[in-house]
Amino acid sequence: QVQLVESGGGLVQPGGSLRLSCVASVNIFIIYDMGWYRQLPGKQRELVATITKEHISTYADSVKDRFTIDRHNGNNTVYLFMNSLEPEDTAIYSCCALVTTLSPVVTGDYWGQGTQVTVAS
């Protein structure tokens, strides 16, 4: 079973920065797209950013020019660099990866448990 483990969340003041990391491991043949999603209190989960194997990225309008997604294919890691954080960015951030597993050979979406990001004075 593919495992995705996020790290880097925490409490930060408005205007501050955080870096989230997500490492995928176990039974991986190939990882295609990777992404970050977030769930704000009382709301549905929403897309934050995605990145392909070829490093083509997309962003939600609300984070464009403030957040940057990147990945290291060699160690199956995706990052989210968050700058100019606002209280409205407070949410649980989860990573997702589209993975083809080694055994059995199947392709599907896998999710991490999530990491809390709180932006407050």
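E46 counts as partly exposed, because its relative accessibility is 29%, and in this predicted model its side chain meets that of R38 in a salt bridge with an N to O distance of 2.7 Å. R38, by contrast, counts as buried, since its relative accessibility is 4%, which lies under the 20% cut-off for that class.

A search of the whole structure finds four salt bridges, and three of them, including the pair just described, are set out here.

| Side chains | N to O distance |
|---|---|
| R38 and E46 | 2.7 Å |
| K64 and D61 | 3.2 Å |
| R66 and D89 | 2.7 Å |

In the pair formed by K64 and D61, K64 is partly exposed at 41% relative accessibility, whereas D61 is exposed, with a relative accessible area of 66%.

The side chains of R66 and D89 also meet in a salt bridge, and this pair links distant parts of the chain, with R66 in the loop between β6 (57-59) and β7 (67-72), D89 in the loop between β8 (77-82) and β9 (91-101), and their positions 23 residues apart. R66 is buried, with a relative accessible area of 12%, and D89 is likewise buried, with a relative accessible area of 1%. Through salt bridges that share partners, R38, E46, R66 and D89 are joined into one network.

Which of the network's residues counts as partly exposed at 29% relative accessibility? That residue is E46, while R38 at 4%, R66 at 12% and D89 at 1% are buried.

Note on methods:
Residues numbered from 1 in each chain as written. Predicted model: local features only at pLDDT ≥ 70, side-chain atom pairs only at ≥ 80, totals over all residues. Heavy atoms only, no water. Buried < 20%, exposed > 50% of the residue type's maximum accessible area, 1.4 Å probe, protein only. Helix = DSSP H or I, 4+ residues; strand = E, 2+ residues; numbered from the N terminus.
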